[in-house]
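Student: Please take a close look at one part of this structure for me. I'd like to follow a single thread through the contacts rather than get a list.

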Amino acid sequence: MTTTRAAAARRVTYQLETLWDYDYLPTHEELATLYETAKKNQWNASTAIDWTRPLGTEGPVLNVQMAFLGTDFFPKLTPEEQREVEIRVSAWRLSQFLHGEQGALVVCGQLVNSIPELDAKLYASTQVVDEGRHVEVFERYVKKLHKIYPVDPLLKSLLDEILATNLWELKLLGMQMIVEGLAIAAFNVMRKQTGDPTLGQLLDYVLQDEGRHVNFGYFALRRSIPNMEPAKREYLEDFTFKACDHMYARDERTGFQSVKNVWTEMGWDGDAIWKDTVTHSQTTKSFNSFLFQDNLMPRLQRLGLISERIAPRYRELGLLA
Ligand SMILES: [Fe+2]
Ligand SMILES: [Fe+2]
């Protein structure tokens, strides 16, 4: 990457209105409780987590047998190669979490400005602190483990679109529902696959915060979507469909493909292993069904974002019955 391109990739330009709320009237009843919980459940990443333990000694950072169950390539690896895969794949995954958390931090800062109601701004202010802490823990962990991998192009394009829009509703939908829904599914998978107590503890704390963030998005959108003008609603529906289509890893075109960097670093055929994992991996299958069938689709349906216009496209992908 040239220096100019690298500088451009760091910059997102947008125009955003900051709204004051001089009414000081409660608008979101559910947010009052969520705000109280957020204040009560703050934690200090420096003291809540024991950072003195060496990583991966009490249990694997990633149980690779579990993570690559069903694939053809994995059983053929030597124990040394399996250990390398454990460290590198963990570092790649945690790097994407780290970049995603930085995205959540900056988008949430925008929400404090652009969301119209004060009680929603106050809730969002607690999330800014949460996301700052999440950046802190993933950065600390991944640097202790191995190295920070570059942001995945699909993740970056999603985050940049959410940052660049001037619609706060799309920021809420894109970040609080879609990206955080994806993060929760990925954290849950990682939680099941780690035997490392530091990572386990870190993920438990982060997951507790993320549950609130998705609820915030859901409550605020449930209030705004029914009164939305049809063109804006269609725009939100189309964005959501496009994001789901890209995130649903199933072929050479979809999913977070930069994991191939790990395979090529190891001197292997990245494309072949990608194909093997999307076709055979039990983890990929359970991740997709946990994310789409169990969480995202039911929530989008309850919000009214799976209209008759867009539903056939989800059916075509097999994400809707
Ligand atoms: Fe977060
Ligand atoms: Fe979050």
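**From a loop into the helix packing**

Tutor: Let's start at tyrosine 24, which is exposed because it has 8 other C-beta atoms within 10 Å, and 12 or fewer counts as exposed. Keep in mind that this is a predicted model. Tyrosine 24 sits in the loop between helix 1 (3–10) and helix 2. Its backbone is worth a glance too: phi is positive, at about 55 degrees, although tyrosine 24 is not a glycine.

Follow the chain out of that loop and you reach helix 2 (residues 29–40), which packs on helix 6 (residues 118–145) with the two axes 9 Å apart and an angle of about 25 degrees between them. Angles under 35 degrees count as roughly parallel, so that is how helix 2 and helix 6 run relative to each other. Their crossing is left-handed. On the helix 2 side, the contact uses Leu31, Ala32, Leu34, Tyr35, Ala38 and Lys39, and these meet Asp119, Ala120, Leu122, Tyr123 and Thr126 of helix 6. Sorted by character, the contact has eight nonpolar residues, one polar and two charged.

Now stay on helix 6 and look at what else it touches. The axes of helix 6 and helix 9 come within 10 Å and cross at roughly 155 degrees. An angle over 145 degrees counts as roughly antiparallel, so helix 6 is roughly antiparallel to helix 9. Here too the crossing is left-handed. Helix 6 brings Ala120, Tyr123, Gln127, Asp130, His134, Val137 and Tyr141, while helix 9 answers with Thr198, Leu199, Leu202, Val206, Asp209, His213, Phe216 and Ala220. That contact splits into nine nonpolar, four polar and two charged residues. Ala120 and Tyr123 turn up in the contact with helix 2 and also in the one with helix 9.

Histidine 213 deserves a stop of its own. It lies in helix 9 (residues 197–224). Histidine 213 is buried because 28 other C-beta atoms lie within 10 Å, and 20 or more is what it takes. Setting aside neighbours within four places in sequence, histidine 213 is in contact with Gln127, Gln176 and Glu180. Its C-alpha atom is 9.3 Å from that of tyrosine 123, although the two residues are 90 apart along the chain.

Another helix 6 residue from that contact, Tyr141, takes us to the core. The largest nonpolar core has 72 residues, and those with the most contacts inside it are Leu94 and Tyr141. Helix 8 (residues 168–193) gives this core its largest share, twelve residues. Leucine 94 and Tyr141 are themselves in contact; leaving aside neighbours within four places in sequence, leucine 94 also touches Phe138, Val142 and Leu145.

One more packing pair rounds off the tour. Helix 5 (residues 79–114) and helix 7 (residues 153–164) have axes that come within 10 Å and cross at roughly 5 degrees, so these helices are roughly parallel to each other. Gln96, His99, Gly100, Gly103, Val106 and Val107 of helix 5 meet Leu155, Leu159, Ile162 and Leu163 of helix 7. This contact divides into six nonpolar residues, four polar ones and no charged ones.

Definitions and conventions: Residues are numbered from 1 along each chain as its sequence is written. Chains are lettered from A and ligands numbered from 1 in the order in which they are written. This is a predicted model: local features need pLDDT of at least 70, side-chain atom pairs count only at pLDDT 80 or more; totals for chains, interfaces and linings use all residues. A nonpolar core is a set of buried Ala, Val, Leu, Ile, Met, Phe, Trp, Tyr and Cys residues joined through C-beta atoms within 7 Å. Helices (H or I, at least four residues) and strands (E, at least two) are DSSP runs, numbered from the N terminus. Two residues are in contact if their C-beta atoms, placed from the backbone, lie within 7 Å. Axes are lines fitted to C-alpha atoms, for helices over the stretch in contact, and angles run from 0 to 180 degrees between N-to-C directions. Angles under 35 degrees count as roughly parallel, over 145 as roughly antiparallel, 65 to 115 as roughly perpendicular and the rest as oblique. A crossing is left-handed if the near helix is turned anticlockwise from the far one by less than a right angle, and right-handed if clockwise. Ala, Val, Leu, Ile, Met, Phe, Trp, Tyr, Cys and Pro count as nonpolar, Asp, Glu, Lys and Arg as charged, and the others, Gly among them, as polar.
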